[in-house]
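Please look over the chain shown below. What can be said about its fold, its sheet and its pockets?

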Amino acid sequence: MKSCPLCATKLKAIPIGGKVRQACPSCEFVHWDNPKPVTATLVPLNGGLVLVKRKFEPFIGNWCLPGGFMEASEHPEQSAAREVFEETGLEIEINRLLGATTPGRGINVLILFYLARQARGEMKAGDDASDVAAFRKEELPENIAFELHRKMIHDFFELMHKIK
Ligand SMILES: [Zn+2]
């Protein structure tokens with residue numbers, strides 16, 4: 001962001017609230033650069049976990065949990081269910097929030113991990129997925145995108161193993 005979205009003045013680096021931020025010298029606008037919330041949902045199916053193959057960058061062709069950016073005014077659970085439906089064709093019911101975390105390294109998102117169960121529908125890749133499948137632990141693909149997704153998938157199977 002280079003210029004003020006309110007008055008078009010060029011933004012300046014100004015210390016505000018203990019950090020140097022891009023802010024407008026002519027009006028009150030501050031580019032806070034807050035993280036954007038995204039959801040990632042674990043949907044157990046047929047003894048495995050539903051993953052989608054990414055159709056777009058980043059990590060095109062890699063697999064990951066279904067999810068994406070929240071829309072304005074959406075409840076996060078609604079957002080999670082919408083993304084799962086768009087990418088996998090599955091209608092889900094949210095079981096619970098597993099955790100909220102940030103990847104760091106300048107990736108400015110807040111990831112909400114949900115556990116859900118399939119309610120209706122059949123798996124069918126759609127929207128920004130080129131393929132969708134349920135993988136058992138021993139079948140997991142090598143190329144899973146995003147460190148935090150890999151960790152969550154690993155933790156899920158560890159927990160499943162303990163419950164058995
Ligand atoms: Zn301004």
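The report below goes from the whole chain to the sheet, the pockets and a few backbone details.

## The chain as a whole

This is a predicted model. The chain holds two helices and 11 strands. Along the sequence, the elements follow the pattern β-β-β-β-β-β-β-β-α-β-β-β-α. The chain has 164 residues, and buried residues make up 36% of them.

The C-alpha atoms fill a box of roughly 60 × 30 × 30 Å, taken along the principal axes. Contacts far along the sequence play their part here. Take the contacts between residues at least 6 apart in sequence: 57% of these join residues at least 24 apart.

## The four-stranded sheet

Four strands form an open sheet. Their order is 8-4-10-9, and the pairing is mixed. Strand 8 and strand 9 stand at the edges. Each has a single partner strand, so one side of each is left without a neighbour in the sheet. On average, neighbouring strands of this sheet are turned by 25 degrees against each other, direction ignored.

In general, strands of a sheet pair through backbone hydrogen bonds, either parallel or antiparallel. Both kinds of pairing can be followed at strand 10. Strand 4 and strand 10 run parallel, joined by seven bridges. Strand 9 and strand 10 run antiparallel, joined by nine bridges.

## Partners along strand 10

Which residues stand opposite I111 in strand 10? One is V38. Another is T101. V38 belongs to strand 4, which covers residues 36-42, and T101 belongs to strand 9, which covers residues 91-101. A further pair joins E93 to its bridge partner in strand 10, R117.

## Helix 2 across the sheet

Helix 2 covers residues 147-163. Helix 2 lies across strand 4, strand 9 and strand 10. Its direction is at about 45 degrees to strand 10. The two pockets described next both draw on helix 2 for their lining.

## The largest pocket

How big is the largest pocket? Its volume is about 650 Å³. The lining consists of 30 residues. Nearest the centre of the pocket lie R54, P58, F69, F146 and H149.

Several elements give two or more residues to this lining. They are strand 4, strand 6 (48-54), strand 8 (67-69), helix 1 (76-88), strand 10 (109-120) and helix 2. Helix 2 provides the largest share, four residues. By class, the lining of the largest pocket divides into 16 nonpolar, five polar and nine charged residues.

## The second largest pocket

The second largest pocket contains about 200 Å³ of space. R96, L98, L115, M152, D155, F156, L159, M160 and I163 form its lining. Strand 9 and helix 2 each supply at least two of the lining residues. Helix 2 again gives the most, here with six residues.

Which classes of residue line this second pocket? Seven of the residues are nonpolar and two are charged. No polar residue takes part.

## Backbone details in the loops

P58, named above near the centre of the largest pocket, follows a cis peptide bond. That bond joins E57 and P58, with omega at about -5 degrees. P58 sits in the loop between strand 6 and strand 7 (63-64).

F59 lies in the loop between strand 6 and strand 7 as well. Its phi is near 60 degrees, a positive value in a residue other than glycine. Is F59 buried, partly exposed or exposed? Its relative accessible area is 44%, so F59 counts as partly exposed.

D33 is found in another loop, between strand 3 (30-31) and strand 4. D33 has a positive phi of about 60 degrees, although it is not a glycine. With a relative accessibility of 48%, D33 counts as partly exposed. The range for that class ends at 50%, because exposed means over 50%.

Terms used
Residues are numbered from 1 along each chain as its sequence is written. This is a predicted model: local features need pLDDT of at least 70, side-chain atom pairs count only at pLDDT 80 or more; totals for chains, interfaces and linings use all residues. Side-chain values use heavy atoms; hydrogens and water are left out. On a 1 Å grid over the protein atoms alone, a cavity is a set of points where a 1.4 Å probe fits but cannot get out, and a pocket is an open set with protein on both sides within 12 Å along at least five of seven lines; lining residues have an atom within 4 Å of a point. Grid points are joined across faces, edges and corners, and a volume is the space filled by probe spheres set on the points. Ala, Val, Leu, Ile, Met, Phe, Trp, Tyr, Cys and Pro count as nonpolar, Asp, Glu, Lys and Arg as charged, and the others, Gly among them, as polar. Two strands pair if DSSP finds at least two bridges between them. Axes are lines fitted to C-alpha atoms, for helices over the stretch in contact, and angles run from 0 to 180 degrees between N-to-C directions. Contact means heavy atoms within 4.5 Å. Buried means under 20% relative accessible area, exposed over 50%, partly exposed in between (1.4 Å probe, protein chains only).
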